[in-house]
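Here are some exercises to work through with the model open beside you. Try each one yourself before you read the solution.

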Amino acid sequence: MKIKLKDIAKLASVSETAVSLVLNDKPTRISQEKQAEIRRIAKENNYRPNLAAKNLASKTTGTIGLIIPDLENPFFSGLAKSVEDELRKHNYLTFIVNSDDSHSNEKELLQLLVNSGVDGMLMTLSNESFLHKEEMVSLLKGLNTPYILVDRTYPNLKCNKVYYNNRLGGYLATKYLIDLGHKNIGFIKSPEQIFNGNNRYLGYLDAMREAEYSIDEQWSVESDFKYDGGYLSSEVLLEQADITAIVCANDLMAFGVMKKAREMRIKIPEDISLIGYDNLSFGEIMDTQLTTVKQDMKALGVEAVRILLSDMSSKGDKIQSELEPELLVKDTVRNL
């Protein structure tokens, strides 16, 4: 039988109000000894508060919305798990919805979550939203629900946001190759409107220019951030005998490069070095583990939840948090 507040009060010989104050960490004159007894009784009997009644009293729903652009992408599914795990610690139920990287889907889902009465929202923008920036910024500015942009952001929009320094990540990957003696370095980039991918490419350019190396236009190709895209676009780089290394704007495309290289009988790293971006967990099961730029999904989710809950409770200044990526050296890079 589920124990109730009145049952704990009876066992502790105090009022229901006293039990409520203690279990909700409210100020009270009850002795520390009696407070400890109340918490012990609640824990021993697996007491769970009636969240529906609590939320009704506080005019909240106890729910948070999370909009993800592509749940099939291991990075975003990992981020969703991190967010859901963290919110559960704070007794929030998470509604996770997938926009399929579509701007129209994104708008509908945003309105659906608002209409559902969520107490707050976390949102990773769709790639398409960067083609409709003015419309999306106007929509976000009109929101009354607290929200935070996670991973993909509009740089000039003043709102809560948390993201990794993508330009630094692209720089770290390229600089490492340069330090190992590579000069002719290719890059598989994203479409220019994809903000994060473009910044990774800018980091590549920063490192090449810092080393005063020439940059051949044929050394960079555009792809779509997906495995098949990396597979199809890499052939033009792998065919160029002067290229000794390739940096990819994400791991999925790098895995596509590895498949194409095997088909072309090009060995990694003996014939060509390769660096990805994201540190996707399933890469660990591969025989040749990918050198990559790590973005800690758990840390990103925890920080996003921290900022959102802070905004929901205080309505203070908007917080912009920039996290630093880390280069993880594994099996796919050779020292020249």
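**Exercise 1. Which residues does Gln35 touch, not counting residues up to four places away in sequence, and is Gln35 buried or exposed?**

Solution. Start with the contacts: Gln35 touches Val22, Thr28 and Ile30, leaving aside residues up to four places away in sequence; contact here means heavy atoms within 4.5 Å. Next, place it: Gln35 is found in helix H3 (residues 32-44), where helices (H or I, at least four residues) and strands (E, at least two) are DSSP runs numbered from the N terminus. Last, the accessibility: Gln35 comes out at 10%, so it counts as buried (buried is under 20% relative accessible area, exposed over 50%, partly exposed in between, with a 1.4 Å probe and protein chains only).

A word on the ground rules: this is a predicted model, in which local features need pLDDT of at least 70 and side-chain atom pairs count only at pLDDT 80 or more, while totals for chains, interfaces and linings use all residues. Residues are numbered from 1 along each chain as its sequence is written, and side-chain values use heavy atoms, with hydrogens and water left out.

**Exercise 2. Work out the strand order of the open sheet with parallel pairing.**

Solution. Two strands pair if DSSP finds at least two bridges between them. Tracing the pairs gives 6 strands in the order E2-E1-E3-E4-E5-E11. At the edges you'll find strand E2 (93-98) and strand E11 (320-323), each pairing on one side only. On average, neighbouring strands are turned by 15° against each other, direction ignored; axes are lines fitted to C-alpha atoms, for helices over the stretch in contact, and angles run from 0 to 180 degrees between N-to-C directions.

Now zoom in. Strand E1 (residues 63-68) and strand E3 (residues 120-123) run parallel, joined by 4 bridges, and Leu66 stands opposite Leu122 in E3. Helix H6 (residues 103-115) packs on this sheet, touching E1, E2 and E3, at about 175° to the direction of E1.

Carry on to E4: E3 and E4 are parallel over 3 bridges, with Met121 partnered by Tyr147 in E4. In a regular strand, side chains alternate between the two faces of the sheet. Sure enough, in strand E4 (residues 147-150) Tyr147 and Leu149 point one way and Ile148 and Val150 the other, and all are buried.

**Exercise 3. Which strands stand at the edges of the sheet with mixed pairing, and why is one side of each left without a neighbour?**

Solution. Write down the order first: E7-E6-E8-E9-E10-E12, an open sheet of 6 strands. Strand E7 (220-222) and strand E12 (326-328) are the edges; each has a single partner strand, so one side of each lacks a neighbour in the sheet. The average turn between neighbouring strands is 20°, direction ignored.

Then check a pair: strand E8 (residues 245-248) and strand E9 (residues 273-278) run parallel with 3 bridges, and Ala245 stands opposite Ser273 in E9. Finally, add the helices. Helix H8 (residues 166-179) packs on the sheet, touching strand E6 (185-189), E8, E9, strand E10 (291-294) and E12, and makes about 160° with E9. Helix H12 (residues 251-263) lies across E6, E8, E9 and E10, at about 150° to E9.
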